[in-house]
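Reader: Please examine one part of the surface of this model closely, and then relate that part to the charged pairs and the interior. I should like each criterion stated with its cut-offs.

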Amino acid sequence: MAYENIIVEVTDHIGIIRLDRPNKLNALNESLRGEVVDALGRLDADDDVRCLVLTGSEKVFSAGADISEMHGRGFVEMFADDGFGRESRAFLELRKPIIAAVAGPAFGGGCELAMMCDMIVAADNAVFGQPEINIGVIAGLGGTQRLTRAVGKSKSMEMNLTGRRMEATEAEKSGLVSRVVPQNELMDSVLELAGRIAEQPPLAVMAVKEAVNRAEEMSLREGLLFERRLFHSLFATDDKDEGMGAFVDKRNPRFRGR
């Protein structure tokens, strides 16, 4: 499918979605958001794809929601359309790991879009923020929820109440991003990471993603039981036999997702 606001490619079992509205700083208008949802569904259903990457340009990830598009809308329209609900559900239902590669500003919806991914790798010029308070609203794609889980209550309160921006170094120290790399090495680093994930047994990868995400929502006792049952279930897979057999035979495994 041809897209107008994103670029999609698949290479070495990695599906890459690149936001591409350069004249609007990759602002998330309805069309772009719909294309991202469509691409996520297609890549998640593609058996050749084992890991996803979401990125922008070298200068900007996304400046946030397209305010000019939302300006004329009222409560009834936003509520009836469940504004931003489709995007939220698409990421929650995604079974394959997705990495956000963030360079430059990731503000408002852009910051939330990155946080909807399973991990964030940031370039050293990345800047994160939830400035919605400055235009009379609050975050609507998880900015008060995911940010709080990532950096804690105090920093989340400050960022959401004042619009303060967080640069890459602080984001790494606070746990918002997994690592910071030089800007010119961002995509190489992310593709290397995605490649390592793509080499792992696909069913076990999906199990890890599900278990780690549940850790934020379950008690420790429930989470440990959930993890143990997933662990047990993977003993029914061919990949478990291949992985353990390769370890015993001192050879590299060949995982097939079965």
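Author:
**Surface patches, charged pairs and interior**

Ile67, Ile135 and Val137 form a nonpolar patch on the surface, and together they have about 250 Å² of accessible area. Accessible areas come from the Shrake-Rupley method with a 1.4 Å probe, and for residues only the protein chains shown count as cover. A patch is made of residues with over 30% relative accessible area and no salt bridge; like charges are joined within 9 Å, and nonpolar side chains (Val, Leu, Ile, Met, Phe, Trp, Tyr) within 5 Å.

The model is predicted: local features need pLDDT of at least 70, side-chain atom pairs count only at pLDDT 80 or more, and totals for chains, interfaces and linings use all residues. Residues are numbered from 1 along each chain as its sequence is written, and side-chain values use heavy atoms, with hydrogens and water left out.

Within the nonpolar patch, Val137 belongs to the loop between strand 7 (127-129) and helix 6 (146-151). Helices (H or I, at least four residues) and strands (E, at least two) are DSSP runs, numbered from the N terminus. Val137 counts as partly exposed because its relative accessibility is 41%; buried means under 20% relative accessible area, exposed over 50%, and partly exposed in between (1.4 Å probe, protein chains only).

A second surface patch carries negative charge and gathers Asp124, Glu185, Asp188 and Glu192. Lys and Arg count as positive and Asp and Glu as negative, whereas His and the chain ends are not counted. The place of a charge is taken as NZ of Lys, CZ of Arg, CG of Asp or CD of Glu. Of the patch members, Asp188 lies in helix 9 (residues 186-198). With a relative accessibility of 57%, Asp188 counts as exposed.

The charged pairs come next. The structure holds 15 salt bridges, a salt bridge being a side-chain nitrogen of Lys or Arg within 4 Å of a carboxyl oxygen of Asp or Glu. One of them joins Asp66 to Arg21, with the closest N and O atoms 3.1 Å apart. This pair links distant parts of the chain, 45 residues apart: Asp66 is in the loop between strand 3 (51-55) and helix 2 (67-70), and Arg21 is in the loop between strand 2 (14-19) and helix 1 (30-45). Asp66 counts as buried at 11% relative accessibility, and Arg21 also counts as buried, at 12%.

Another salt bridge is formed by Glu87 and Arg33, whose closest N and O atoms are 2.5 Å apart. Glu87 lies in helix 4 (residues 85-93) and Arg33 in helix 1, so the pair ties together parts that are 54 residues apart in sequence. Here Glu87 is buried, with a relative accessible area of 6%, and Arg33 is buried, with 10%.

Arg164 and Glu170 meet through their side chains in a salt bridge of 3.0 Å, N to O. Arg164 is partly exposed, at a relative accessible area of 23%, and Glu170 counts as partly exposed at 22%. Both residues belong to a network of salt bridges that also links Lys155 and Glu158.

Two residues merit attention for their backbone angles. Leu25, in the loop between strand 2 and helix 1, has a phi near 55°, a positive value in a residue other than glycine. Leu25 is partly exposed, with a relative accessible area of 47%. Phe84, in the loop between helix 3 (75-80) and helix 4, is not a glycine either, yet has a positive phi of about 75°. Phe84 is buried, at a relative accessible area of 15%.

In the interior, Ile99 is placed in strand 4 (residues 98-102) and is buried, with a relative accessible area of 0%. Leaving out residues up to four places away in sequence, Ile99 touches Cys51, Leu52, Val53, Leu54, Cys117, Met119, Val121, Val190, Leu193, Ala194 and Ile197, where contact means heavy atoms within 4.5 Å. The C-alpha atoms of Ile99 and Thr55 are separated by 8.5 Å, although the two residues are 44 residues apart along the chain.

Asp118 is found in the loop between helix 5 (109-115) and strand 6 (119-123) and counts as partly exposed at 30% relative accessibility. Apart from its neighbours within four places in sequence, Asp118 is in contact with Lys96, Pro97, Ile98, Lys209 and Asn213. Between the C-alpha atoms of Asp118 and Ile98, which are 20 residues apart along the chain, the separation is 5.5 Å.
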